[in-house]
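User: Could you take a close look at one part of this model for me? I'd like to hear about the sheet and whatever packs against it.

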Amino acid sequence: MLRLSFLISLMCLVRSDTDEECPSFTKLSFHSAVVGTGLNVKLMLYTRRNPTCAQAINSTALGNLNMTKKTTFIVHGFRPTGSPPVWIGDLVEGLLSVEDMNVVVVDWNRGATTVIYNHASSKTRKVAIVLKEFIDQMLAGEASLDDIYMIGVSLGAHIAGFVGKMYNGQLGRITGLDPAGPLFNGKPPEDRLDPGDAQFIDVIHSDIDALGYKEPLGNIDFYPNGGLDQPGCPQTIFGGMQYFKCDHQRSVYLYLSSLRENCTITAYPCDSYRDYRNGKCVSCGTPQTQSCPILGYYADNWKDYLREKDPPTTKAFFDTAEEKPFCSECISLLCGYYNLEQEHKKRIHNNQIERQSWKYHRIQNQSFTGCDFRKDGGQRPHLEILRNSRGNCSYTRRNTHPAKLSPQHFRNTTK
Ligand SMILES: [Ca+2]
Ligand SMILES: [Ca+2]
């Protein structure tokens with residue numbers, strides 16, 4: 001009898017342990033979205049000590065959180081169906097793979113889940129206040145605002161802005177991934193993300209004609225493929241849910257590629273996408289000692305330069321492939337974009353270039369791992385890109401690096 005009761009209590013112990021361990025992101029049903037949900041903010045901590053099994057944390061229980069390290073908060077947006085964001089796990093894993101940090105998933109699915117966008121939007125300030133209370137506790141310990149980084153997706157980007165504002169812009173960094181446009185477009189800075197909300201703010205705008213925010217909101221604003229629509233996303237309602245969210249969500253996948261893929265997405269500072277497409281923004285606009293800004297996690301390498309500008313804002317453009325690795329599209333690879341017309345003129349003036357130039361049409365349909373070209377100490381690449389009116393890409397070897405690349409080498413770096 002004693003043995004049995006011991007066994008039962010042991011089972012209860014194990015059972016309650018597994019219940020407590022590894023809390024997961026709140027899963028709700030579409031029914032919850034229809035009836036609406038009250039706000040409940042859960043914080044889940046992942047570190048290299050517990051990379052796959054979260055710890056539920058709050059102001060009084062900080063778990064494995066190491067105050068001396070960077071802390072990255074991931075803040076999601078509107079959840080019209082109640083499901084967890086599909087990219088959460090990949091983002092946590094990616095962040096932990098690039099740096100030993102604390103990653104805190106801010107689960108406000110109860111609150112964000114509703115079919116009525118306005119209801120989710122109206123809770124953003126309250127989420128920000130919960131985060132402020134938590135960060136205050138961290139600051140009461142050894143943590144520093146410099147080491148606080150918030151990645152906000154859609155409504156989450158504005159939540160991050162609200163938190164940053166409460167610290168007078170002294171938060172280390174905010175990354176806005178297609179910050180929400182509806183109900184925020186045209187609002188004053190205090191009612192949305194703005195460049196004053198953190199020490200450095202980088203933003204990716206991937207759906208400015210629907211769910212995203214059109215105007216610049218940070219120190220650098222990246223507009224992939226112009227920011228309106230993304231290649232590979234359905235253009236009609238027959239694409240189902242993807243028709244509504246694909247462009248918007250692409251900002252997250254582009255950011256993720258900066259953590260996972262062995263090639264970088266280079267962006268070109270420019271006044272407009274049109275100017276970029278017309279080859280007017282080849283020089284990157286940064287001091288010659290630097291290369292062009294890159295998208296994603298390492299965008300803050302350009303922090304000092306971008307913040308010193310007056311005003312401290314930069315728009316940057318680039319094109320991508322339809323799928324990962326998005327950087328594989330020829331046009332996004334290198335710091336040199338010429339239209340065919342310009343290049344023709346160049347050839348007339350310089351026979352040597354003409355003699356040494358090669359063209360590789362339709363190479364953009366292949367996965368290209370030529371980012372090695374950028375690893376030569378930030379030098380300008382050996383290849384320049386041509387794009388003709390039909391959108392085909394081709395490459396021309398730079399005459400400054402003779403014999404460094406052969407057509408054979410080029411073929412070897414494509415697959
Ligand atoms: Ca603001
Ligand atoms: Ca769109």
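Analyst: Here's a walk through the sheet, then its helices, the core and one residue elsewhere. Keep in mind that this is a predicted model.

The sheet is open and has ten strands, running in the order 2-1-4-3-5-6-7-8-10-9 with mixed pairing. At its edges sit strand 2 (55–57) and strand 9 (268–269), each with a pairing partner on one side only. Helix 3 (residues 88–98) packs on this sheet, where it touches strand 1 (40–46), strand 3 (71–75) and strand 4 (102–108). The direction of helix 3 makes about 160 degrees with that of strand 4.

Further along, strand 7 (residues 200–204) pairs with strand 8 (residues 220–224) in the parallel sense, over three bridges. Val203, for instance, has Asp221 of strand 8 as its bridge partner. Helix 6 also packs on the sheet, touching strand 1, strand 3, strand 4 and strand 5 (148–153). With strand 1, the direction of helix 6 makes about 40 degrees.

Now for the core. The largest nonpolar core has 82 residues, and those touching the most other members are Val75, Val106, Leu131, Met150, Ala267, Tyr268 and Phe317. Helix 6 (residues 124–140) gives this core its largest share, seven residues.

Last, a look at Ser32, which lies in helix 2 (residues 30–35). Ser32 counts as partly exposed because it has 19 C-beta neighbours inside 10 Å. Beyond its neighbours within four places in sequence, Ser32 is in contact with Thr37, Gly82 and Thr113. Ser32 and Arg110 are 78 residues apart along the chain, yet their C-alpha atoms are separated by 9.0 Å.

Conventions:
Residues are numbered from 1 along each chain as its sequence is written. Chains are lettered from A and ligands numbered from 1 in the order in which they are written. This is a predicted model: local features need pLDDT of at least 70, side-chain atom pairs count only at pLDDT 80 or more; totals for chains, interfaces and linings use all residues. Helices (H or I, at least four residues) and strands (E, at least two) are DSSP runs, numbered from the N terminus. A residue is buried if 20 or more other C-beta atoms lie within 10 Å of its own, exposed if 12 or fewer, and partly exposed in between; C-beta atoms are placed from the backbone. Two residues are in contact if their C-beta atoms, placed from the backbone, lie within 7 Å. A nonpolar core is a set of buried Ala, Val, Leu, Ile, Met, Phe, Trp, Tyr and Cys residues joined through C-beta atoms within 7 Å. Two strands pair if DSSP finds at least two bridges between them. Axes are lines fitted to C-alpha atoms, for helices over the stretch in contact, and angles run from 0 to 180 degrees between N-to-C directions.
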